[in-house]
Amino acid sequence: MIIYEVDICIQKSIYKEYIIWLNNHIEKMLKIQGFSHFKKFETINEESVQNVIIHYYVENMKQLENYFSNFAKFMRNDGTESFKENITIKRRILKQCD
């Protein structure tokens, strides 16, 4: 199992609107072959931004590479066009250590 982590820093002024969009985006992601489930986390802070971290659980690296090759550009552009000045996103791939 691979975890595809997406860490989103959201300006609090658009937080509610973005979360509505994000929940729909997550549903679309889970329809992509290999993506089995997700967990969503929020940081606890009092700043002007809120971080939301999504862990997408992907069956294997081959399935994740399929996402990168065939879906990532469209899925990423879908949200960044609407919210680009109010969010920053970091991504990383995690695997379990033995």
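In the predicted model, a nonpolar surface patch is formed by Met61, Phe68 and Ile93, which together contribute about 220 Å² of accessible area. Of these residues, Phe68 lies in helix H2, spanning residues 61–70. Phe68 counts as partly exposed because its relative accessibility is 31%, a value between the limits of 20% for buried and 50% for exposed residues.

A contrasting environment is found for Gln50, located in strand E3 (residues 49–58). With a relative accessible area of 10%, Gln50 is buried, since the threshold for this class is under 20%. The side chain of Gln50 approaches the backbone oxygen of Thr43 at 2.6 Å. Thr43 also appears among the residues touched by Gln50 when those up to four places away in sequence are not counted; the others in this set are Ile8, Cys9, Ile10, Lys12, Tyr15, Glu42 and Asn45.

At the level of the whole chain, 3 helices and 4 strands are present, arranged along the sequence in the pattern β-α-β-β-α-α-β. The radius of gyration is 14 Å, close to the 13 Å given by the globule rule for 98 residues, and the chain is therefore as compact as a globular protein of that length. The C-alpha trace spans about 40 × 30 × 20 Å along its principal axes.

Among contacts with a separation of 6 or more, 72% join residues 24 or more positions apart. Buried residues constitute 39% of the 98 residues in the chain. The chain exposes about 6600 Å², of which 50% is supplied by carbon and sulfur atoms.

Methods: Residues are numbered from 1 along each chain as its sequence is written. This is a predicted model: local features need pLDDT of at least 70, side-chain atom pairs count only at pLDDT 80 or more; totals for chains, interfaces and linings use all residues. Side-chain values use heavy atoms; hydrogens and water are left out. Patches are made of residues with over 30% relative accessible area and no salt bridge: like charges are joined within 9 Å, nonpolar side chains (Val, Leu, Ile, Met, Phe, Trp, Tyr) within 5 Å. Accessible areas come from the Shrake-Rupley method with a 1.4 Å probe; for residues, only the protein chains shown count as cover. A salt bridge is a side-chain nitrogen of Lys or Arg within 4 Å of a carboxyl oxygen of Asp or Glu. Helices (H or I, at least four residues) and strands (E, at least two) are DSSP runs, numbered from the N terminus. Buried means under 20% relative accessible area, exposed over 50%, partly exposed in between (1.4 Å probe, protein chains only). A polar contact is a pair of N or O atoms within 3.5 Å; within protein, one must be able to donate a hydrogen and the other to accept it, and residues adjacent in sequence count only if both atoms are side-chain atoms. Contact means heavy atoms within 4.5 Å. The radius of gyration is taken over C-alpha atoms; the globule rule is 2.2 Å times the number of residues to the power 0.38.
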